[in-house]
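Dear colleague,

I am handing over the structure below, together with some notes on what was found in it. Please read them alongside the coordinates.

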Amino acid sequence: MIGEAYSLHGVEDLAPALAPALSAVASTTGAALLSNYQPRDSLFSSSSTQLHARGVLQSLTRSIDDDLAGASERLLAYVAAETGRLPMLGAVPFASDEPSRMWLPSQAVFAAGRARHRGAALSALNAEQRPMPRVEPVPAPAQFMRNVERSLDRIVEGGISKVVMSRSLRIAARVDVPQLLAQLLARAPGAYTFAMDLAGAGGPQACLIGSSPELLLSKRGARIVSNPLAGSIPRHPDPQEDQRRARGLLQSAKDLHEHALVIGSVAAALRPYCRELQVPATPSLIATPTMWHLSTRVDGVLIDPSTSSLRLALALHPTPAVCGYPTERAREVIREFEGYERGLFTGLVGWCDNEGDGEWAVTIRCAVVEEECATVYAGAGIVAGSQPRDELAETTAKLGTMLGAMGLAHAAEAGGTQGRA
């Protein structure tokens, strides 16, 4: 499927300017597709594949609780039978009763190799050249630390082993989405980078954009992969200190316990679907520009190769990496303490096709960009032994992924230390 263009002919909203981007999948110019990316387009990029889409042919607004997987599969099958193959893009929220945004684009292309968007580091996005915008942290840093303390009290009481507490920063600044996308692709080309036009799928006039390090589920034929992350520490500019932190993370009893909870849950959710499932006994390390993470790659072979990637991803969602363990108790604590609605943050984002193949990433290291502002998000897993101030520092470092790409890295520190409880 790599390098295969999907298109519908005779659809009135096809944009002629898109034709070069969506037909020249074998382009020898690395920036060919990127030069055609425009606001209101959508893109999902992994280390192997990029999907670039424009327009909306059919859309579906339905919650997980309302048979999202089945409705998506039926819509894909209908469109494939009537007009030809098209992928479905989607953004699924954290809460199972909130509407997802799923749509089949008017035109789409899969690109690989030299035809991929490679991004560009834009010197104009220099933090020193941008004034400090107004930053509104929700919850305030002091309240976030209290939320961590209250979560620890619940863990001590029993019945829950982990809960993920998150926070957000609302930044009063105009953000150029194509430039931000270029920055994200250049900074972390192997990440799951996405820019999803929510308005095109019946949502708000906004773009969900981010660079997630975490693969929830990918599927090719009968083979599936999930790569959960849990257990993290901020990186350090000094190479020796950075390596010391990495080694310490691999030996941290607290972080290894947190990671084991996640891997056990993921394996249990996938096992009923698989005739083979390989789960390494110990985690490895992966690095982003801002964080070290404990990582375990889980490989499986499906009993039924027609099972869709979206159905499998929803069977995993939400993993303990973004919610906690056990799931329902963790959800209750999040609803009680967190103090704001996550929306699409800690949901899933990606694509699938009518054969069930697809890629879905966990929606972290992300922002919702509106016309006059952007909201960025970060969370941290709370387990026995967590320290509130360390968790605040972890979320501040995670916020740096998006803020640094926006040229607003200084806003992460402001949001991490200011604001009244």
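Please bear in mind that this is a predicted model. Setting aside residues up to four places away in sequence, Gly 356 touches Lys 219, Thr 307, Ser 308 and Ser 309. Gly 356 sits in the loop between strand E20 (348-352) and strand E21 (358-362), and with a relative accessible area of 4% Gly 356 is buried. One of its contacts, Lys 219, is 137 residues away from Gly 356 in sequence, although the two C-alpha atoms are 7.4 Å apart in space.

A second buried position is Ser 212, whose relative accessible area is 0% and which belongs to strand E11 (residues 207-212). A polar atom of the Ser 212 side chain lies 2.7 Å from the backbone oxygen of Val 362, and Val 362 is also among the residues in contact with Ser 212 once neighbours within four places in sequence are left aside, the others being Ala 191, Tyr 192, Phe 194, Ala 361 and Ile 364.

Turning to the sheet, three strands form an open, antiparallel arrangement in the order E14-E17-E16, with strand E14 (229-234) and strand E16 (284-287) at the edges, each pairing on one side only; the twist from one strand to the next averages 30°. E14 is joined to strand E17 (residues 291-295) by four bridges, and the bridge partner of Ser 232 in E17 is His 293.

Two helices lie across strands of this sheet: helix H5 (residues 239-251) lies across E14, E16 and E17 and runs at about 25° to E17, whereas helix H9 (residues 388-405) lies across E14 and E17 and runs at about 90° to E14.

With best wishes

Terms used: Residues are numbered from 1 along each chain as its sequence is written. This is a predicted model: local features need pLDDT of at least 70, side-chain atom pairs count only at pLDDT 80 or more; totals for chains, interfaces and linings use all residues. Side-chain values use heavy atoms; hydrogens and water are left out. Buried means under 20% relative accessible area, exposed over 50%, partly exposed in between (1.4 Å probe, protein chains only). Contact means heavy atoms within 4.5 Å. A polar contact is a pair of N or O atoms within 3.5 Å; within protein, one must be able to donate a hydrogen and the other to accept it, and residues adjacent in sequence count only if both atoms are side-chain atoms. Two strands pair if DSSP finds at least two bridges between them. Axes are lines fitted to C-alpha atoms, for helices over the stretch in contact, and angles run from 0 to 180 degrees between N-to-C directions.
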